[in-house]
Amino acid sequence: MSKHIPLILKLIALGGLLAFPMADSPFYTELVAKTVLFGIFAMSLDLLVGFTGLVSLGHAAYFGIAAYTVALMTPKYEAASFWTTFPSAIGISAAAALVVGIFVLRTKGIYFIMVTLAFAQMVFYLFHDTALGGGSDGIYLNLKPDTTLFGGKPFDLDNPFHLYYLIIATLVVVYLFLKLLLRSPFGKVLVGIKSNEHRMKSMGYRTFGYKLAAFSIAGGLAGAAGYLYAVLFGFVTPELMSWHQSGNVLLMVILGGMGNLVGALLGALAFVAMQEVFSTWTKHWQLVMGSVIVLSVLFLPGGLSAVPRRLKAALTGGGEK
Amino acid sequence: MDFYSFLIQVLNSVQYGLLLFLVASGLTLVFGIMGIINLAHGAFYMVGAYMAFALSSLTGNLFTAILLGIPLSLVFGAFLEWALFSHLYKRDHLEQVLLTYGLILIFEELRSLLVDDEVHGVAIPDVFSASIALNDTLSYPVYRLVISAVCIVLAIGLYFLIQRTRLGMMIRAGSHDRDMVQSLGININLIYRTVFALGVTLAAFAGMLAAPISSVFPGMGGGVLIISFVIVVIGGIGSVWGALFAALLVGFADTFGKVLLPDFAGAIVYVLMAAVLLWRPEGIFKKG
């Protein structure tokens, strides 16, 4: 019985998400939708940070590339098709991650962090400085993608509830995909690379190829989140791929505890909740946010996910290992 | 491009590159010696620039502002090392990223609270406000030459400090083996504190020098930070000479990129970095 508890909790949480629009509060429905798509974004980064041991500080680039893909594919006065834009957005961001990955995966450790950041910044400037994507003002997405398929319209993205359920469905698909991926031999190799890449190499695995595949998959999944963001809010700006966005999503992954997909989702929830609460206190909410981050690093080594273990150690008088 | 416009661009490239060197040298020293990735390093540049703005409005003189600003930056750096960074040496890079990212948010908000979110100018001191006429239409501001000169003097000073003094010897030894240096009776914590304060002061000083030509504005630290990362990556972590070479390279690439390929100016530096990564993933000057 007890081994089913996590599954039951997840199903209850999913039921709660599905039932949420019944509360009939458009504001909170949008906020939950935003939280969930950041959750997808955080899960995609967790594949790199938590499972493969690659700390990327440039993950927002792929989120933004997908958002720009749908904005650029949508003509000014008519809607683009959902069935072409969604796969294209994911494909293009995965391809971008593949190209960047070839460069950044040549480096390790501190270099990797700096280089991923620098490449994301290159993408940022590409959209910020050139006429390609409307410059620093970004682009408005006047019409949400059209979902007509074989003459019928299974759902309508102009309806906020349909859009909400699309986001939840994407979450479920991405979650299950990552679960299966991590259970597969491919996923085992990634976890092996995280714990000891040298050993994996000496066992004959070409770790570069595995890391590159993971980097590209993570980019594509971040793209799915970016696409949904663009459709939900109806505009894209270069800020979507700014390094603050990359920092924030890394923060979500760490808040929730790395190497834990549900944790990434909870991290996104904690982040959005902090953002909402602190910003009602003061215009300078980032000051509170920054202080929370600094204090938690100083006094909670290992992050929030280590709290239960530390509490347990303190209660049993076992001392910390 | 005629000769004089070319000359102006060359001088600008050198000046920009040398200024970046001041920021990047502190970053690479802190990386190389203490093993810390410091995202907040760009914020020190911003703090310096705002210090120049605030102190020169108070005292009416940029020189006084800089003279006051340098000891303030040293104290500020030593304090930060004592209060925060000294706890990070044995943590992994992820926690260093997190803490220093939090610091950026704090510094930006404090800046917004203490000053405001407007763009401010800082006056060039009267002595250096002239321009040297190159031909009938073109001239070059003396202040930019002064910046280059000051940076060159500092670079030479840094060379002597690291290669020729006892302190420099201890710094170099500390980057190789922390425990061994300590067992020889050298207070490594003091060395680390000195290096960190020095790095903060170099970045802040660069901000003070740059304030009159770039003006001071919110978020000015972020751009400098990322360019400095690129410099450190190109030059090789921990190599001050790599940083000098890479900073000049970036200065030229950026300045001439803006003139020759204005649409892609922002991205050109990163293309340069990508090329270096393909060629030497550990940076040009990384020691084997």
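1. What pattern does chain B follow when read along the sequence? Chain B runs α-α-α-α-β-β-α-α-α-α-α-α-α, with eleven helices and two strands in total. Its radius of gyration is 19 Å, close to the 19 Å that the globule rule gives for 288 residues, so chain B is as compact as a globular protein of that length. Please keep in mind throughout that this is a predicted model.

2. A little more on the build of chain B. Along the principal axes, its C-alpha atoms fill a box of roughly 65 × 50 × 35 Å. Of its 288 residues, 48% count as buried. If you take the contacts in chain B with a separation of 6 or more, 76% of them come from residues 24 or more positions apart.

3. Now a word on confidence in chain A. The mean pLDDT there is 86, and 95% of the residues reach 70 or more. Helix α9 (residues 207–233) of chain A has the highest confidence in the chain, at a mean of 94, while helix α13 (residues 307–315) of chain A has the lowest, at 73. As a friendly reminder, where pLDDT is low, the predicted coordinates should not be read in detail.

4. You may like to look at how the two chains meet. Here 36 residues of chain A are in contact with 38 residues of chain B. On the side of chain A that touches chain B, the elements giving two or more residues are α5 (109–129), α10 (243–256) and α12 (285–299) of chain A. Of these, α5(A) gives the most, with 15 residues. By character, this side of chain A divides into 24 nonpolar, ten polar and two charged residues.

5. The largest nonpolar core has 195 residues, and those touching the most other members are A:A42, A:A67, A:A118, B:A49, B:A52, B:V230 and B:I231. Helix α8 (residues 188–214) of chain B gives the most to this core, with 17 residues. To follow one member, start at A:A42: setting aside residues up to four places away in sequence, A:A42 touches A:V249, A:M252, A:V253, A:A264, A:L265, A:G267 and A:A268.

6. Finally, where does A:L143 sit? A:L143 is found in the loop between β1 (139–140) and α6 (160–183) of chain A. With 16 other C-beta atoms within 10 Å, A:L143 is partly exposed. Leaving out neighbours within four places in sequence, A:L143 is in contact with A:T74, A:E78 and A:A79. The C-alpha atoms of A:L143 and A:A71 are separated by 9.6 Å, although the two are 72 residues apart along the chain.

Technical notes
Residues numbered from 1 in each chain as written. Chains lettered and ligands numbered in written order. Predicted model: local features only at pLDDT ≥ 70, side-chain atom pairs only at ≥ 80, totals over all residues. pLDDT = per-residue confidence, 0-100. Helix = DSSP H or I, 4+ residues; strand = E, 2+ residues; numbered from the N terminus. Core = buried A, V, L, I, M, F, W, Y, C linked by C-beta atoms within 7 Å. Buried ≥ 20, exposed ≤ 12 C-beta atoms within 10 Å, placed from the backbone. Contact = placed C-beta atoms within 7 Å. Rg over C-alpha atoms; globule rule 2.2 N^0.38 Å. Nonpolar A, V, L, I, M, F, W, Y, C, P; charged D, E, K, R; others polar.
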